[in-house]
Amino acid sequence: RDGKESVLSISVKAYGEPKYLKTVGKELFSPKPKVDSAVILIDDISKKRFGKLDEGFFFKVLKAGFSHKRKFLLNNLKERGFKTNERFFEKAGINQKARAEDLSLKNWLVLAREIKNKPAVF
């Protein structure tokens with residue numbers, strides 16, 4: 001709802017098209033959680049969104065990007081050993097000051113391809 005993504009939301013979108021169906025109230029669970037739940041449907045489940053990109057590599061990049069929520073994505077990737085730089089972000093259409101939660105699935109796919117296919121030049 002807040003426009004922020006997570007590892008879970010990007011993972012679901014990588015394999016299919018999620019659709020919200022309905023809310024399940026917290027009072028229906030025991031023990032009662034603090035929040036309501038949602039029922040979703042995931043259509044068109046496949047690996048086609050990855051194309052030729054290795055899905056294992058994609059998820060390594062994704063998890064590295066989310067390793068420290070409040071840090072900039074570029075710093076998270078560098079700290080986790082990915083050879084990336086500002087040019088990769090520019091080619092992927094991503095602000096250098098972006099955080100992992102700000103990127104769409106498309107941004108993540110483009111960024112992972114850039115990192116995988118091109119050596120970083122510093």
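Helices, of at least four residues, and strands, of at least two, are DSSP runs numbered from the N terminus. In this predicted model, the protein chain contains five helices and two strands. Read from the N terminus, these elements follow the order α-β-β-α-α-α-α.

The overall dimensions of the protein chain were described by its C-alpha atoms, which fill a box of roughly 55 × 30 × 20 Å along the principal axes. The protein chain comprises 122 residues, of which 34% count as buried. Among contacts with a separation of 6 or more, 58% are accounted for by residues 24 or more positions apart in the protein chain.

The surface was examined next. An area of about 8100 Å² is exposed by the protein chain, and carbon and sulfur atoms supply 54% of this area. With respect to charge, the protein chain carries 28 positive and 15 negative side chains. The centres of these two sets lie 3 Å apart.

A nonpolar patch of about 410 Å² was also identified on the surface, made by Y20, I40, I42 and I45. One of these patch residues, I40, is placed in strand β2, which covers residues 37-43. The relative accessibility of I40 is 45%. Because exposed residues have over 50% and buried residues under 20% relative accessible area, I40 counts as partly exposed.

Notes: Residues are numbered from 1 along each chain as its sequence is written. This is a predicted model: local features need pLDDT of at least 70, side-chain atom pairs count only at pLDDT 80 or more; totals for chains, interfaces and linings use all residues. Side-chain values use heavy atoms; hydrogens and water are left out. Buried means under 20% relative accessible area, exposed over 50%, partly exposed in between (1.4 Å probe, protein chains only). Contact means heavy atoms within 4.5 Å. Accessible areas come from the Shrake-Rupley method with a 1.4 Å probe; for residues, only the protein chains shown count as cover. Lys and Arg count as positive and Asp and Glu as negative; His and the chain ends are not counted. The place of a charge is taken as NZ of Lys, CZ of Arg, CG of Asp or CD of Glu. Patches are made of residues with over 30% relative accessible area and no salt bridge: like charges are joined within 9 Å, nonpolar side chains (Val, Leu, Ile, Met, Phe, Trp, Tyr) within 5 Å. A salt bridge is a side-chain nitrogen of Lys or Arg within 4 Å of a carboxyl oxygen of Asp or Glu.
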